[in-house]
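The following report goes through selected local features, helices, contacts between chains and charged pairs. It is meant to be read beside the sequence and the model.

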Amino acid sequence: MLLGVPKERYPGETRVALIPADLPALLKAGLTIAVEAGAGDAAGYPDAEYQAKGASIVSDRAKLFADADILARVRAGGADPDGEQADLALMRKGQYLIAFVEPLGAPEAAARLAGSGVSTLAMELIPRISRAQSMDALSSMATIAGYKAVLLAANTLPRIFPMLMTAAGTIAPARLFVIGVGVAGLQALATAKRLGAITEAYDVRPAVKDQVESVGAKFVELPLETAGSEDKGGYAKAQGEEFYRRQQELMATVVARNDVVITTAAIPGKRSPILVTAAMVQGMKPGSVIIDMAAERGGNCELTRANEQVRVNGVTILGPTNLPATAPGHASQLYSRNVTNLLRLMVKEGQIVLNLDDEIIRETLVTHAGEVSNGRVRDLMGTTARTT
Amino acid sequence: MNRSFANVLFGAVGAAPEAAAAATEQRTVVRYTPEDATFLLENAQSVIIVPGYGMAVAQAQHTLAELGELLTESGVQVRYAIHPVAGRMPGHMNVLLAEADVPYDVLVEMEHINDDFASTDVVIVVGANDVVNPSARYKKDSPLYGMPILNADKARNVIILKRSLKPGFAGEDNELFYDSKTMMVFGDAKQTLTHMVQQVKKKVSA
């Protein structure tokens, strides 16, 4: 059974799905591995290192696709809109694909994979259960992204973060506000604290207060009705129009007093809620910075433009859509381990054994045997779910 | 014979631990004090600290680091066993322990320390629960089943600092709490550790 690792072609993508260090475990499981030439270069893993760990290097991408029984990628299907069609043509019935494929945001891409007879495992759908934590790629990427968001903010802010009392006067510490306290938000709060900022955070889920305090930040309490704000998977649920309007009103004061606002509020498969309006941006001090981590799905700030730098009223708004790719060495390391752990669950003695009784396999599988096997994705099909 | 190490010590000193009415599923745990815990540490030569979410919530990393330092200074081998999913985010324990200046080289990954628990005198679990829950090894219907855990239950003595008997993130009761070699010390971790540090300092200067 051949595992193929193509080079990522998505614009700006620097990660690689598998790093040399994880090859031994996969070879032990009975797989042979082929890596496209240069696949790991941008992440700091040269071809020679892959070869040293037992992989073969293939320069012909089409041949790699043709020969591989399993393809391990960072982006594919709905997560790689430009390359999707061309790559699909290279794939065949019975092939396995493990990648981020945007199953909830672009279910029609899943349908196309099903149509080609490809069995797809979407890394976005790894269930958030204890046994699957070692495969949780979303948490891995969010960890890197949260850290990098703060570094980006620190570099963009015309001020420094920590308090300094000097002969030239006192430098007041920066104030940083995180909206949405998932893994990325928590990591951002911890990183900002390390750099010396005063940190506070808000989340619609009241249960998160402890978590905010556990990284040394202050939890912002807004008097809002938040019963039923958390879904089964621990994510924030989408709320109604009136709720968001009231939330914005109360949030405006908090936003205004912070030098940096980092927003992370994403709802799986849906357009991101607007949490920072243009009016709220007007209320911020000139020189302030907003890092909108939900830009890929529309953004949490009304003024965000994905992958661009916007300046309004002296406030800089950044909407980076691929922060993990700015630390590809470690982002790839974590992702590779997540993928490897999933593969080890599926591969026994060089053969794929897909145990559909296993919750992890069942929930992660999007397409199989020519069909979209995943209930959640099927429910979304037929709607214009693509959000740009 | 057949008495736990702690029981032998207490028997010798004449102090009897108070049985608390802390019952869950009709099981009771014995509630110990910070003084009891410190007493246990007096004769320890090897200690492994297992930090968890409770340490983070209590922001007890500085006091914990101080305890670790005091023990190290008196010749005890002190290491921190960091479970890969301790806390609520990757690296949660690392960022807090770094803030408290705990050097990287005493932080040990699960794979590299798990075999050492069996020969360790005392494990101090600070606000960790699921990551030391033995049911993860064998209870097939447990949400923890299949998750590798730290072998804290294999150590000679276990001190657990916890706010209450409430279950951890996975909602599963932890049989380690009821083990006869486990000393449960309830309360805010920072407060408990502050007491322990005071006690250790007193003994060192005595």
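## D136(A) and its surroundings

In this predicted model, D136(A) sits in the loop that runs between β6 (119–122) and α6 (137–156) of chain A. Its relative accessibility is 9%, so D136(A) counts as buried, the cut-off being under 20%. The side chain of D136(A) has a polar contact with the side chain of R128(A) at 3.0 Å, and another, at 2.8 Å, with the side chain of S139(A). When residues up to four places away in sequence are set aside, D136(A) touches I126(A), R128(A) and N338(A), R128(A) being also a partner in a polar contact.

## E302(A) in a loop of chain A

E302(A) belongs to the loop between β13 (289–292) and β14 (309–312) of chain A, and with a relative accessible area of 48% this residue is partly exposed. Apart from neighbours within four places in sequence, E302(A) is in contact with I274(A), V276(A), T277(A) and A278(A). For A278(A) there is a specific polar link, as the side chain of E302(A) reaches the backbone nitrogen of A278(A) at 2.7 Å. E302(A) and V281(A), which are 21 residues apart in sequence, have C-alpha atoms 9.1 Å apart in space.

## Helices α7 and α9 of chain A

Helix α7 of chain A covers residues 183–195, and its 13 residues should span 18 Å at 1.5 Å a residue, which agrees with the 18 Å between its end C-alpha atoms. Of these 13 residues 10 are buried, so α7(A) is largely enclosed by the rest of the structure. The buried residues include V183(A), L186(A), L189(A) and A192(A), and what covers the buried residues of α7(A) includes α6, β9, β10, α8 (209–213) and β12 of chain A, together with α5 of chain B. After α7(A) comes G196(A), which has a positive phi near 105°.

For helix α9 of chain A, residues 241–256, the expected span of its 16 residues is 22 Å at 1.5 Å a residue, and the end C-alpha atoms are indeed 22 Å apart. α9(A) nevertheless bends by about 35° at L250(A). Its buried residues are F243(A), Y244(A), Q247(A), Q248(A), M251(A), V254(A) and V255(A), and the buried residues of α9(A) pack against β9 (175–179), β10 (198–202), β12 (260–263) and α10 (278–282) of chain A.

## Chain B and its interface with chain A

Chain B contains 8 helices and 8 strands, and 54% of its 206 residues count as buried. Among contacts in chain B between residues at least 6 apart in sequence, 77% join residues that are at least 24 apart.

Where chain B meets chain A, 20 residues of chain B are in contact with 17 residues of chain A. The two chains bury about 1400 Å² between them, with 57% of that area on carbon and sulfur atoms. On the side of chain B, M89(B), P90(B) and V95(B) lose the most area to chain A, together accounting for 32% of what that side buries. The interface of chain B and chain A holds 2 salt bridges by the rule applied, and one salt bridge joins the side chains of K193(A) and E99(B), at 3.7 Å from N to O. The elements of chain B that give two or more residues to the side touching chain A are α3 (53–58) and α5 (92–99), and α5(B) gives the most, with 5 residues.

## Salt bridges

Over all chains, the structure holds 32 salt bridges. One of them joins the side chains of R61(A) and D87(A), at 3.3 Å from N to O; R61(A) lies in helix α3 (residues 61–67) of chain A and D87(A) in helix α4 (residues 81–90) of chain A, so the pair ties together parts that are 26 residues apart in sequence. R61(A) is buried, with a relative accessible area of 8%, and D87(A) is buried as well, at 7%.

In chain B, the side chains of K139(B) and E172(B) meet in a salt bridge at 2.7 Å, N to O. This pair links distant parts of the chain, 33 residues apart, with K139(B) in the loop between α7 (135–138) and β7 (157–162) and E172(B) in the loop between β7 and β8 (182–186). K139(B) is partly exposed, with a relative accessible area of 34%, whereas E172(B), at 10% relative accessibility, counts as buried. In chain A, salt bridges that share partners join E36(A), R61(A), R73(A), D80(A) and D87(A) into one network.

Notes
Residues are numbered from 1 along each chain as its sequence is written. Chains are lettered from A and ligands numbered from 1 in the order in which they are written. This is a predicted model: local features need pLDDT of at least 70, side-chain atom pairs count only at pLDDT 80 or more; totals for chains, interfaces and linings use all residues. Side-chain values use heavy atoms; hydrogens and water are left out. Helices (H or I, at least four residues) and strands (E, at least two) are DSSP runs, numbered from the N terminus. Buried means under 20% relative accessible area, exposed over 50%, partly exposed in between (1.4 Å probe, protein chains only). A polar contact is a pair of N or O atoms within 3.5 Å; within protein, one must be able to donate a hydrogen and the other to accept it, and residues adjacent in sequence count only if both atoms are side-chain atoms. Contact means heavy atoms within 4.5 Å. The expected span of a helix is 1.5 Å times one less than its number of residues. The bend at a residue is the angle between axes fitted to the seven residues ending there and the seven starting there. Buried area is the accessible area (1.4 Å probe) that two parts lose on being put together, summed over both. A salt bridge is a side-chain nitrogen of Lys or Arg within 4 Å of a carboxyl oxygen of Asp or Glu.
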